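Morning, everyone. I have one structure to go through today, and I will keep it short. Please look at the model first.

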Amino acid sequence: MRVDVVTIFGEYLQPLSLSLIGRAREEGLLDLRVRDLREHTHDRHRTVDDTPYGGGAGMLMRPEPWGEALDAVLADPPGDARPEGPVLLVPSPAGEVFRQATAVELAAEPWLVFACGRYEGIDARVVEHYASRGVRVREVSLGDYVLNGGEVAVLVIVEAVARLLPGVVGNAASVEEESHAAAHSGLLEHPAYTKPATWRGLDVPAVLTSGHHGLVARWRRDEALRRTARRRPDIVAALDAARCDAADLRV
Ligand SMILES: Nc1c(O)cccc1[N+](=O)[O-]
């Protein structure tokens, strides 16, 4: 997978040189390229922002540098790029919520491009322009809170996506068994334990040392349901709604 990130703060992405993602880059599983937006400015101060039309607090990122920067990225496709080009991801508090299902979808793409906004964001015409040119543009949000820019979201999204690529995580089965994994209907993961069997007076649940795999599987499923119902009733409601829809389809 090729990933291009356009940003004014490339150093924010240094953590993507560490651990499993760093190794994936060394092994050629992930080709991550960080590009400096300021290289596409032409004034002495390398200006990337200006005041918003209509007034309002803060500054907005100007469209011209973004147009030059993204044109340059799109003119340099990887060999396995799809005919329709990359998915252009714009992290934004106004975006669709990024979920595990989004990560699974993006992990099937050969080429992702990230546009990291700062200040109050990017002039809306940038998204409009590339969408009108047929680029698959998606504004994505990590959640309902305010960050100073898109770089932190890129760290999260790249890790969530890249770890799904074959060969990145040593034990592929562990990816299947995690919270929100489709294989477990998107439920939260059950509690997990390791040695010692007793720690500060707390014992590992006896079923987990029973050697009875069927009972262990049932306990894990029950605990996942219990934890999900307690912490994320929205997930349980969505599962119930899906079951109702499926039942309707069967009638
Ligand atoms: N929330 C937020 C933001 O405030 C700025 C850029 C990106 C995000 N986000 O992806 O969630």
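The domain assignment splits this protein chain into domain 1, residues 2-162, and domain 2, residues 187-249. Keep in mind that the model is predicted. Taken over C-alpha atoms, the centres of domain 1 and domain 2 are 37 Å apart.

Now the sheet. There is an open sheet of 5 strands, paired in parallel, and the order across it is 2-1-6-5-7. Which strands stand at the edges? Those are strand 2, residues 31-36, and strand 7, residues 136-141. Each has a single partner strand, so one side of each has no neighbour in the sheet. On average, neighbouring strands here are turned by 30° against each other, if direction is ignored.

As a general reminder, strands of a sheet pair through backbone hydrogen bonds, and the pairing is either parallel or antiparallel. For one pair in detail, take strand 5, residues 87-97, and strand 6, residues 111-115: they pair in the parallel sense over 3 bridges. Within that pair, L88 stands opposite V113 of strand 6.

Last item, the surface. F9, Y12, Y145, L147, V152 and V156 make a nonpolar surface patch of about 470 Å². Where does Y12 lie? Y12 is in the loop between strand 1, residues 2-7, and helix 1, residues 19-26. Is Y12 buried or exposed? Neither label fits: the relative accessibility of Y12 is 33%, so Y12 counts as partly exposed, given that buried means under 20% and exposed means over 50%.

That is what I have.

Terms used. Residues numbered from 1 in each chain as written. Predicted model: local features only at pLDDT ≥ 70, side-chain atom pairs only at ≥ 80, totals over all residues. Heavy atoms only, no water. Patch = residues over 30% accessible without salt bridge, like charges linked within 9 Å, V, L, I, M, F, W, Y side chains within 5 Å. Areas by Shrake-Rupley, 256 points an atom, 1.4 Å probe, with all protein chains shown as cover. Salt bridge = Lys/Arg side-chain N within 4 Å of Asp/Glu carboxyl O. Helix = DSSP H or I, 4+ residues; strand = E, 2+ residues; numbered from the N terminus. Buried < 20%, exposed > 50% of the residue type's maximum accessible area, 1.4 Å probe, protein only. Domains from an automatic or database assignment. Pairing = 2+ DSSP bridges. Axes fitted to C-alpha atoms, helices over the stretch in contact; angles between N-to-C directions.
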